[in-house]
Amino acid sequence: MSDSRQSPPARCRKLDSVIDDDIRYRAVDSRDARFDGVFFTAVTSTGIYCRPSCPAVTPKRVNCVFYPSAAAAQGAGFRACRRCRPDSVPGSPEWNHRADLVGRAMRLIGDGVVDREGVAGLAGRLGYSARQLQRQLIAELGAGPIALARARRAQTARLLLQTTELPVTDVAFAAGFASVRQFNDTVREVYDRTPSGLRAEVVAGRRIATPAGGLTLRLAYRGALDSEHLIDFLALRAVPGVEEVVPGARPGVRVYRRTLALPYGHGIAEVDSLAPGEPPTRGWLDCRLLLADLRDLPTAVQRLRILFDLDADPLAVDDQLGADPLLGPLVRERPGLRSPGHVDPHELAVRAVLGQQISVAAARTLAGRLAEKYGTALPEPSGGLRLLFPTAAALAAADPEDFAMPAARRRALTGLCAALAEGVVRLDSGVDREEAAAGLLDLPGIGPWTVGYLRMRALADPDVFLPSDVGVKHGLLRLGAAGDPKSAARAAEAWAPWRSYAVHRLWAGPSGVDLTNTGNTTSGTGITSSGTGTTSTGDSTSRTGTENERV
């Protein structure tokens, strides 16, 4: 990307275009957890930085300096508060919906790209020079990619030190540090403690033994969270051998389990729903990870956060949708509904094509058969989990006759997998959504609904609406509204920029029953996705061979 397209450098804005320091201080004074992760408060008289909801005595206004990232506060010489643990807050919801350079960079940094590929690799994925990327991140966040990645490594190191019995040397390399010396220096600077001192803050009995890479941790979230909706949604689509939902150890708790294909090896993740009677605002979900290589911990956690949409701001979403006459009753009945993403965009793309013209249940069965034939077996099964989902490269090289589907859809699937395997189409967390959508639409058999669905889940776009989706239509009709695509699209204009959440509200319906588990027929040709038209018909959709869906 040429320098002429890059905005000129500026000093760190600290979100001044959104909220000013007086509003930030009022949030700190009221300990408003809604702002955790949005900004950080540094106290000049103590040399520490906190999250806005820190329970400590509110500092004087004159002693407060505000930063848009933990890395910026650390770079200014402040250490993390040991009481509120500001490094462990949910990520800023800004990175969920921003499609610009900074938003895309933050998603890739969260996935560990800087640790694996360096700043040059990050810049190359984004289409910018390393210098331009550095300037833009400093202007927006007060810290460059190395500092942002360093803050992420420090948080991972603290998590491992305080929750496992791993040797300190293993912790250093598992967290992504290049050397033990670098690890020691960073921990001292960020936490004002040696690694052993940081570990000593937690009673040894509270740490969990770590056999073969197993970890127990909490996935933090802000606001309310409807975990039942998330588990229901994932259970309906669980691919045999790859995913499962099973009863948990506590009464009424369900556990979502799945295999993970990670940069350094495979993993198994377990995430618990909230127990009956637990408040939806509890603030975390219990999670367990079994990793072949502990270096994959930050990436695994980040992908689970995307899957469960844990960095969202449900208050902002529910405030807007709740004020709508149509959706308001649904919001009040079930606050905190999330828009699930996915741990592997390539897997989701394959499954979206498999779902064309058949029901969700049939698509799940077909995906299970492909996993059995072309997936990678785990060294040891774990419950019902035995397989990693096939890679795009494996399916691109497969015999199309093995795909039990119409010839046109076979061609669409193999063409999609070849494009993903060769990098012609990218679906990683740092891709430009408009470019990805255009690349997908150029592929034979990939139509607008599939593109919209992938934007909503694979690319975590919060503003996708599917006006011709059968589940959306049924949801609108149940609310007494017109279900035709034109009427649906007009109604959805008031729901921007949270139309993906509106889709899930309509799919879930008043009773929480998923309305997408049906075979569908296509009924329209245009969707609204962050201002870009597309759609077709539902989680399982029928195609008619339109211009955008060449078969």
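Two strands count as paired if DSSP finds at least two bridges between them, and this rule is the one to keep in mind when following the sheets of the present structure, which is a predicted model. In that sense strand S7 (residues 254-261) and strand S8 (residues 266-272) are an antiparallel pair joined over seven bridges, and within the pair Tyr256 stands opposite Val271 in S8.

These two strands belong to an open sheet of five strands, whose order is S5-S9-S8-S7-S6 and whose pairing is antiparallel. Strand S5 (214-220) and strand S6 (243-247) stand at the edges, and because each has a single partner strand, one side of each is left without a neighbour in the sheet. On average, and with direction ignored, neighbouring strands of this sheet are turned by 25 degrees against each other.

Helices also pack on this sheet. Helix H11 (residues 227-236) touches S6, S7, S8 and strand S9 (284-291), and its direction makes about 55 degrees with that of S7. Helix H12 touches S5, S7, S8 and S9, and its direction makes about 140 degrees with that of S9.

H12 (residues 297-307) has a further contact to follow, since it packs with helix H7 (residues 145-163) at an angle of about 100 degrees, the two axes being 10 Å apart. Because angles of 65 to 115 degrees count as roughly perpendicular, H7 is described as roughly perpendicular to H12. On the H7 side the contact is made by Arg152, Thr156, Leu159 and Leu160, which meet Leu297, Pro298 and Thr299 in H12. By character, the residues of this contact divide into four nonpolar, two polar and one charged.

Another group of strands lies earlier in the chain, around strand S1 (residues 40-43), from which Phe40 and Ala42 point one way while Thr41 and Val43 point the other way, all of them being buried. S1 runs antiparallel to strand S3 (residues 64-67), to which four bridges join it, and in S3 the bridge partner of Ala42 is Val65. S1 also pairs in the antiparallel sense with strand S2 (residues 48-50), over three bridges, and here Val43 has Ile48 as its bridge partner. In the hairpin of S1 and S2, four residues lie between the strands, and Gly47 takes a positive phi near 75 degrees.

For the protein chain taken overall, there are 23 helices and 13 strands, and 58% of its 551 residues count as buried. Of the contacts between residues at least 6 apart in sequence, 69% join residues at least 24 apart. The accessible surface comes to about 21000 Å², of which 54% belongs to carbon and sulfur atoms.

Notes: Residues are numbered from 1 along each chain as its sequence is written. This is a predicted model: local features need pLDDT of at least 70, side-chain atom pairs count only at pLDDT 80 or more; totals for chains, interfaces and linings use all residues. Side-chain values use heavy atoms; hydrogens and water are left out. Buried means under 20% relative accessible area, exposed over 50%, partly exposed in between (1.4 Å probe, protein chains only). Contact means heavy atoms within 4.5 Å. Accessible areas come from the Shrake-Rupley method with a 1.4 Å probe; for residues, only the protein chains shown count as cover. Axes are lines fitted to C-alpha atoms, for helices over the stretch in contact, and angles run from 0 to 180 degrees between N-to-C directions. Angles under 35 degrees count as roughly parallel, over 145 as roughly antiparallel, 65 to 115 as roughly perpendicular and the rest as oblique. Ala, Val, Leu, Ile, Met, Phe, Trp, Tyr, Cys and Pro count as nonpolar, Asp, Glu, Lys and Arg as charged, and the others, Gly among them, as polar.
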